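Subject: Handover of a structure model

Dear colleague,

Please find below the structure that I am handing over to you. My findings follow it, and I would ask you to read them with the model open.

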Amino acid sequence: MADIELANVSKSFGNVQVIDNLSLTVNSGELVVFLGPSGSGKSTLLRMIAGLETIDRGTLTIGGRRSEHLAPGQRGVAMVFQNYALYPHMTVRENMAFGLHNIGMPADEIERRVQDAARILEMGELLERRPSELSGGQRQRVAIGRAIVKVPKAFLFDEPLSNLDAALRARTRVGLAELPQRIKATMIYVTHDQTEAMTLADRIVVLNDRKIEQIGTPMEVYLKPASRFVAGFVGSPGMNFVRADISGGDRAIARLGDGTSMPLYLDNPVSGSYELGIRPEGIRVVDPGKRNAATIRAKAGVVERLGERTLVYCTLKDGTEVIAQDSGRSDVSPGDDVDLDFDPSAVHLFDQSGQAYHARN
């Protein structure tokens with residue numbers, strides 16, 4: 001295991017800057033997920049660590065050793081790609097052992113490492129099969145096994161599940177979540193899939209527009225997003241955003257576009273015009289008999305029944321669209337008038353620069 005430290009690194013392709021003066025430390029034994037939309041620089045950053053892309057400026061340290069000028073094979077990392085890149089004419093055993101044979105490792109040590117990897121990944125019965133005889137998930141396990149046998153300082157995963165169908169991706173994700181318990185190693189995992197990030201990560205690094213927006217545990221990123229971008233990007237469905245005028249300091253009053261007012265209890269007192277953000281689970285459909293001064297009347301549109309809960313896509317009087325949550329047995333139908341309660345403790349405010357202000361818990 002090894003720490004990985006990036007200090008003030010930058011990367012450009014021609015006139016296009018992809019990473020701008022970024023610094024980050026991944027602690028030894030930690031599984032860190034790089035999460036962000038396409039074009040945010042997450043795969044480029046991973047490839048810079050692997051040595052597949054050069055670092056224009058800044059330093060890279062792996063396990064205490066300056067590494068930005070080292071060849072990929074000298075950095076002590078192993079990468080698992082989006083495409084499996086298995087040799088079709090070789091068995092699973094031969095695919096996993098191929099790289100070790102190339103460096104002249106003794107045959108008995110190669111076999112020991114292959115058997116250890118097969119045990120960890122629970123694929124001992126697959127060792128004599130060829131890739132054409134494997135499912136997509138099994139092929140990805142072989143690719144991971146090929147990395148494990150190298151006994152690297154760190155594992156780098158570049159969207160390894162993106163080629164799998166939804167059901168297979170879910171099953172393979174569970175297997176990957178168990179991997180850190182079986183292999184004590186530093187891991188960096190790149191994805192644009194929020195479920196993968198929330199399931200796998202010790203910490204999530206949210207990337208956007210060449211820079212880091214936020215670093216935190218999955219629940220820190222979800223419950224206290226550092227910016228409007230993070231709030232809108234993390235979560236499915238995304239956070240609701242409503243224009244609001246705020247007055248009153250730390251015991252603030254938020255006045256929405258339809259004239260409704262609600263109390264807010266904020267970490268930091270603010271006033272003025274803001275975007276109020278709240279996740280669907282923070283807006284509940286309530287019975288008409290439970291209306292109060294802060295209850296908001298809305299018109300139901302699409303009703304999405306998900307079994308354990310129901311999502312109701314609503315339009316407020318001023319035309320603002322929000323997603324609210326109801327019970328799994330909801331009787332709301334499209335076109336119904338519904339009453340909504342906003343949970344003040346679940347509210348976030350965002351100023352014009354996108355900076356977040358959170359409700360006091």
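I begin with the largest cavity, whose lining residues divide into one nonpolar, three polar and four charged. Those residues are Glu-159, Leu-161, Ser-162, Arg-169, Thr-191, His-192, Asp-193 and Glu-196. The space inside this cavity is about 40 Å³. Counting cavities of 30 Å³ or more gives one. Please keep in mind throughout that this is a predicted model.

For general orientation, the chain consists of 361 residues, and 49% of them count as buried. Eight helices and 19 strands are found in the chain. The C-alpha trace spans about 75 × 45 × 35 Å along its principal axes. Of the contacts between residues at least 6 apart in sequence, 64% join residues that are at least 24 apart.

I turn next to the pockets. The largest pocket has a volume of about 590 Å³, and its lining is made up of 27 residues. Nearest its centre lie Val-77, Ala-78, Met-79, Arg-146 and Lys-150. Strand 6 (77–80), helix 2 and helix 4 are the elements that each give two or more residues to this lining. Helix 2 contributes the most, with five residues. By residue class, the lining of the largest pocket divides into 18 nonpolar, six polar and three charged.

The second largest pocket holds about 280 Å³ of space. It is lined by 16 residues, and Leu-121, Arg-141, Arg-171, Thr-172 and Gly-175 are those that lie nearest its centre. Here the elements giving two or more residues to the lining are helix 4 and helix 5 (166–182). Helix 5 gives the most, with eight residues. The lining of the second largest pocket comprises six nonpolar, five polar and five charged residues.

The nonpolar cores come next. The largest nonpolar core has 48 residues, of which Met-96, Ile-148, Phe-157 and Leu-179 touch the most other members. Leaving aside residues up to four places away in sequence, Phe-157 touches Leu-46, Val-80, Ile-144, Leu-176, Leu-179, Met-187, Ile-188, Tyr-189 and Val-190. There is also a second, separate core of 31 residues, which includes Ile-246, Met-262, Val-270 and Val-303.

Two helices deserve a closer look. Helix 1 (residues 42–50) is mostly covered, as seven of its nine residues are buried. The buried residues of helix 1 are Lys-42, Thr-44, Leu-45, Leu-46, Met-48, Ile-49 and Ala-50. Leu-46 is thus a buried residue of helix 1 and also one of the residues that Phe-157 touches. Just after helix 1, Gly-51 adopts a positive phi of about 95°.

Helix 2 (residues 92–102) has Val-92, Asn-95, Met-96, Ala-97 and Leu-100 as its buried residues. The elements that cover these buried residues include helix 3 (107–120) and helix 4 (136–148). Just after helix 2, Gly-104 takes a positive phi of about 75°.

Finally, I would draw your attention to two individual residues. Which backbone atoms lie 2.8 Å and 3.0 Å from a polar atom of the side chain of Thr-186? The first is the backbone oxygen of Ala-2, at 2.8 Å, and the second is the backbone nitrogen of Gly-29, at 3.0 Å. Thr-186 itself lies in strand 8 (residues 186–191). This residue counts as buried because its relative accessible area is 1%, and the cut-off for that class is under 20%.

Is Asn-83 buried or exposed? Asn-83 counts as exposed because its relative accessible area is 52%, and the exposed class begins over 50%. Its place is in the loop between strand 6 and helix 2. Asn-83 and Arg-139 are 56 residues apart along the chain, and their C-alpha atoms are separated by 9.5 Å.

With kind regards

Definitions and conventions: Residues numbered from 1 in each chain as written. Predicted model: local features only at pLDDT ≥ 70, side-chain atom pairs only at ≥ 80, totals over all residues. Heavy atoms only, no water. Helix = DSSP H or I, 4+ residues; strand = E, 2+ residues; numbered from the N terminus. Buried < 20%, exposed > 50% of the residue type's maximum accessible area, 1.4 Å probe, protein only. Polar contact = N/O pair within 3.5 Å; in protein donor to acceptor, adjacent residues only side chain to side chain. Core = buried A, V, L, I, M, F, W, Y, C linked by side-chain atoms within 4.5 Å. Contact = heavy atoms within 4.5 Å. 1 Å grid on protein atoms, 1.4 Å probe; cavity = no way out; pocket = protein on both sides within 12 Å on 5 of 7 lines; lining within 4 Å. Points joined across faces, edges and corners; volume = space filled by probe spheres on them. Nonpolar A, V, L, I, M, F, W, Y, C, P; charged D, E, K, R; others polar.
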